[in-house]
Amino acid sequence: EERESYLKICQFHDSLDVLVMDEGVLKTIGTARYYAKKLGEVITSELRSKFIFMLDDNILSWSGVTLKNDPCPLFDKDPNHKYAQQTDISLLNLLTHMKSEDYKNISQFSIVGFSLSKRNIKGRVCAYSRQHVFAAVFLNLQKLEGLEYRKCAWAMEDIDFNWKSNALSFNDDNNGVIVKCLRYVASKKKINQGGVVPVNIPEDMIPMLKNC
């Protein structure tokens, strides 16, 4: 029901590309991610750096973290040895930092993600970790060529994609590297209905889901 609202907004912004999936495709989050990546490949086909930013639409705000004894503070706080500090920032702030010098700072990574929790944030010391990332990610399409999201996935499509990306590093240490940037935290809106739980599944789709 939100499609019309999205399209009305897009009509006033010529720089926006809109993809509307056919009625016949699977209505799953896996399908949505699959076509979002495909659209990104088309948009970036003539660019030297082929990064896309994929973001869940229930992310409300962003915070920047100044770590304990932060050697490279990015925000408006002076580092100290007692606790990490947070600053309200815009999405533009994050995107500008990541895109600086044509994505130079993240060009070696396949997927770049961000923290989704402020739990224990005052004790945060490390700027990066190698963990699963989801909800808001940069995809380096040059390093992910040939990898696709699983269309039939009702949930955990991002975890599956992370595992496939990580598997690339088995043959080449320079590929498949996933990093979570802990200086940035996304806050999500809590939604009490919908989500990734399949409901009213058509009978003809049940065998496919069992074999997915």
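**Exercise 1.** In this predicted model, state which residue forms a salt bridge with aspartate 160 and how the pair is placed in helix 4.

*Solution.* Step 1: aspartate 160 pairs with lysine 164, with 3.5 Å between the closest N and O atoms. This is inside the cut-off of 4 Å for a salt bridge. Step 2: the two residues are four apart in helix 4, so about one helical turn separates aspartate 160 from lysine 164. Step 3: lysine 164 has a relative accessible area of 29%. Buried ends at 20% and exposed begins over 50%, so a residue in between is partly exposed, and lysine 164 is in that class.

**Exercise 2.** Describe the salt bridge between glutamate 157 and arginine 33, and classify both residues as buried or exposed.

*Solution.* Step 1: the N to O distance between the two side chains is 3.0 Å. Step 2: glutamate 157 belongs to helix 4 and arginine 33 to helix 2, and the pair links parts of the chain 124 residues apart. Step 3: the relative accessibility of glutamate 157 is 3% and that residue is buried; arginine 33, at 10%, is buried too. Step 4: through shared partners, salt bridges join Arg33, Asp56, Glu157 and Lys188 into one network. By the rule used, the count for the model is 13 salt bridges.

**Exercise 3.** Compare the end-to-end distance of helix 2 with its expected span, then list its buried residues.

*Solution.* Step 1: helix 2 covers residues 29–43, which is 15 residues. Step 2: the span is 1.5 Å times one less than the number of residues, and for helix 2 this gives 21 Å. Step 3: the end C-alpha atoms are 21 Å apart, in agreement with the expected span. Step 4: the buried residues are Gly30, Thr31, Arg33, Tyr34, Lys37 and Gly40. Their cover includes strand 1 (51–55) and helix 4 (157–167).

**Exercise 4.** Characterise the lining of the second largest pocket.

*Solution.* Step 1: the pocket has a volume of about 260 Å³. Step 2: 13 residues line it, and Phe51, Phe53, Lys99, Tyr103 and Phe138 lie nearest its centre. Step 3: helix 3 gives the most to this lining, with five residues; strand 1 supplies at least two. Step 4: by class, the lining holds nine nonpolar, one polar and three charged residues.

**Exercise 5.** Contrast the settings of glutamate 101 and alanine 135.

*Solution.* Step 1: glutamate 101, not a glycine, has a positive phi of about 55°, and alanine 135 has a positive phi near 75°. Step 2: glutamate 101 is in helix 3 (residues 91–103), whereas alanine 135 is in the loop between strand 5 and strand 6. Step 3: glutamate 101 is exposed at 59%; alanine 135 is buried at 6%.

Notes
Residues numbered from 1 in each chain as written. Predicted model: local features only at pLDDT ≥ 70, side-chain atom pairs only at ≥ 80, totals over all residues. Heavy atoms only, no water. Buried < 20%, exposed > 50% of the residue type's maximum accessible area, 1.4 Å probe, protein only. Contact = heavy atoms within 4.5 Å. 1 Å grid on protein atoms, 1.4 Å probe; cavity = no way out; pocket = protein on both sides within 12 Å on 5 of 7 lines; lining within 4 Å. Points joined across faces, edges and corners; volume = space filled by probe spheres on them. Nonpolar A, V, L, I, M, F, W, Y, C, P; charged D, E, K, R; others polar.
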